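Visitor: I would like to learn how to read a model like this one, feature by feature. Please start with one loop and work outward.

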Amino acid sequence: FSNNDNFVQGIVFAGSFSGHVARYYLLEKKAIPASCSFGHSNKVVEFAPCKLPIILDAVASLSYDGTICLWSVFDGICTNKYEHILPNGCQHLAISQTAIEICAVSGAFAPVYIVNIQEGVIMQQIHPCNSFIVGMDFYSTSSCSWLFTIDSKGIATYDTLTPATAKNHK
């Protein structure tokens with residue numbers, strides 16, 4: 001779509017230490033504020049794109065206090081908010097692009113939490129690493145999703161999250 005005869009090249013979400021979520025339109029030569037929302041009450045630590053059945057283009061945000069919010073990319077409205085479903089210390093968020101309900105959250109705690117982001121329910125806890133996780137992301141095919149993690153010692157692991165093939169590999 002366009003904004004004053006300038007076509008929007010993209011949309012960027014940014015979080016604040018106070019929990020505000022700002023959405024910006026990226027135009028050809030500048031970025032302009034599109035909306036500012038109040039979904040979190042603590043610092044926003046990460047965003048991840050996701051696709052939901054009703055809202056095809058959405059963004060999930062994670063705050064330090066374990067709150068997950070789902071935002072419509074189109075209008076910036078918070079469509080779902082799951083307050084404090086995870087422990088304090090959340091830092092990383094990854095979402096499977098094929099198993100659209102699966103979200104993984106890690107932080108300053110031992111397990112990685114696998115969350116159903118359509119219902120706001122913790123499905124399981126996994127322990128893919130022996131130390132603090134510094135990064136994670138999903139790789140998915142039509143039949144399976146793998147969660148890749150790397151810890152603070154540089155050890156990479158992957159876990160298959162399809163129940164029939166659930167295994168951990170280091």
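Guide: Start with histidine 84, which is located in the loop connecting strand S9 (78–82) with strand S10 (90–95). Keep in mind throughout that this is a predicted model.

Visitor: What is the phi of histidine 84 near?

Guide: The general idea first: a negative phi is what most residues other than glycine have. Histidine 84 has a phi near 50 degrees, a positive value in a residue that is not glycine.

Visitor: Is histidine 84 buried or exposed?

Guide: Neither label applies, because buried requires under 20% relative accessible area and exposed requires over 50%. Histidine 84 has a relative accessible area of 46%, so it is classed as partly exposed.

Visitor: Where is isoleucine 85 placed, and which residue has its C-alpha atom 5.7 Å from that of isoleucine 85?

Guide: Isoleucine 85 also sits in the loop between S9 and S10. Its relative accessible area is 22%, so isoleucine 85 is partly exposed. The C-alpha atom at 5.7 Å belongs to glycine 66, which is 19 residues away along the chain.

Visitor: How should I read confidence before going further?

Guide: Where pLDDT is low, one should not read the predicted coordinates in detail. In this protein the average pLDDT is 85, and 89% of the residues score at least 70. Among the elements, the lowest mean pLDDT, 51, belongs to strand S1 (residues 2–3), and the highest, 94, to strand S7 (residues 58–63).

Visitor: In what order do the strands of the sheet that contains S7 run?

Guide: Read a sheet by its strand order, then its edges, then its pairs. Here four strands form an open antiparallel sheet, ordered S6-S7-S8-S9. Its edges are strand S6 (44–50) and S9, each of which pairs on one side only. On average, neighbouring strands of this sheet are turned by 20 degrees against each other, direction ignored.

Visitor: How many bridges join S6 to S7?

Guide: Six bridges join these two antiparallel strands. As one example of register, valine 44 is opposite serine 63 in S7.

Visitor: Which strands form the three-strand sheet?

Guide: The three strands are S3, S4 and S5 in that order, in an open sheet with antiparallel pairing. S3 and strand S5 (31–38) are the edge strands, each pairing on one side only. The average turn between neighbouring strands of this sheet is 25 degrees, direction ignored.

Visitor: How do I follow the register from S3 into S4?

Guide: Count the bridges, then pick out partners. Strand S3 (residues 10–15) and strand S4 (residues 20–26) run antiparallel and are joined by six bridges. Glycine 10 is opposite leucine 26 in S4, and phenylalanine 13 has arginine 23 in S4 as its bridge partner.

Visitor: What lies between the strands of the hairpin of S3 and S4?

Guide: Four residues lie between them, and glycine 19 of this hairpin adopts a positive phi near 100 degrees.

Visitor: How many bridges join S4 to S5?

Guide: Seven bridges link S4 to S5, and the two run antiparallel. These strands also form a hairpin, with four residues between them. On this side, arginine 23 is opposite serine 35 in S5, and alanine 22 has cysteine 36 in S5 as its bridge partner.

Visitor: Why does leucine 26 count as partly exposed?

Guide: Leucine 26 is part of strand S4. Its relative accessibility is 32%, so leucine 26 counts as partly exposed. Leucine 26 also contributes to a nonpolar surface patch of about 210 Å², together with Val12 and Tyr24.

Visitor: Is leucine 27 buried or exposed?

Guide: Leucine 27 is in the loop between S4 and S5. Buried means under 20% relative accessible area. Leucine 27 is at 8% relative accessibility, so it counts as buried. The C-alpha atoms of leucine 27 and phenylalanine 7 are 6.1 Å apart, although the two residues are 20 residues apart along the chain.

Conventions:
Residues numbered from 1 in each chain as written. Predicted model: local features only at pLDDT ≥ 70, side-chain atom pairs only at ≥ 80, totals over all residues. Heavy atoms only, no water. Pairing = 2+ DSSP bridges. Patch = residues over 30% accessible without salt bridge, like charges linked within 9 Å, V, L, I, M, F, W, Y side chains within 5 Å. Areas by Shrake-Rupley, 256 points an atom, 1.4 Å probe, with all protein chains shown as cover. Salt bridge = Lys/Arg side-chain N within 4 Å of Asp/Glu carboxyl O. Buried < 20%, exposed > 50% of the residue type's maximum accessible area, 1.4 Å probe, protein only. Axes fitted to C-alpha atoms, helices over the stretch in contact; angles between N-to-C directions. pLDDT = per-residue confidence, 0-100.
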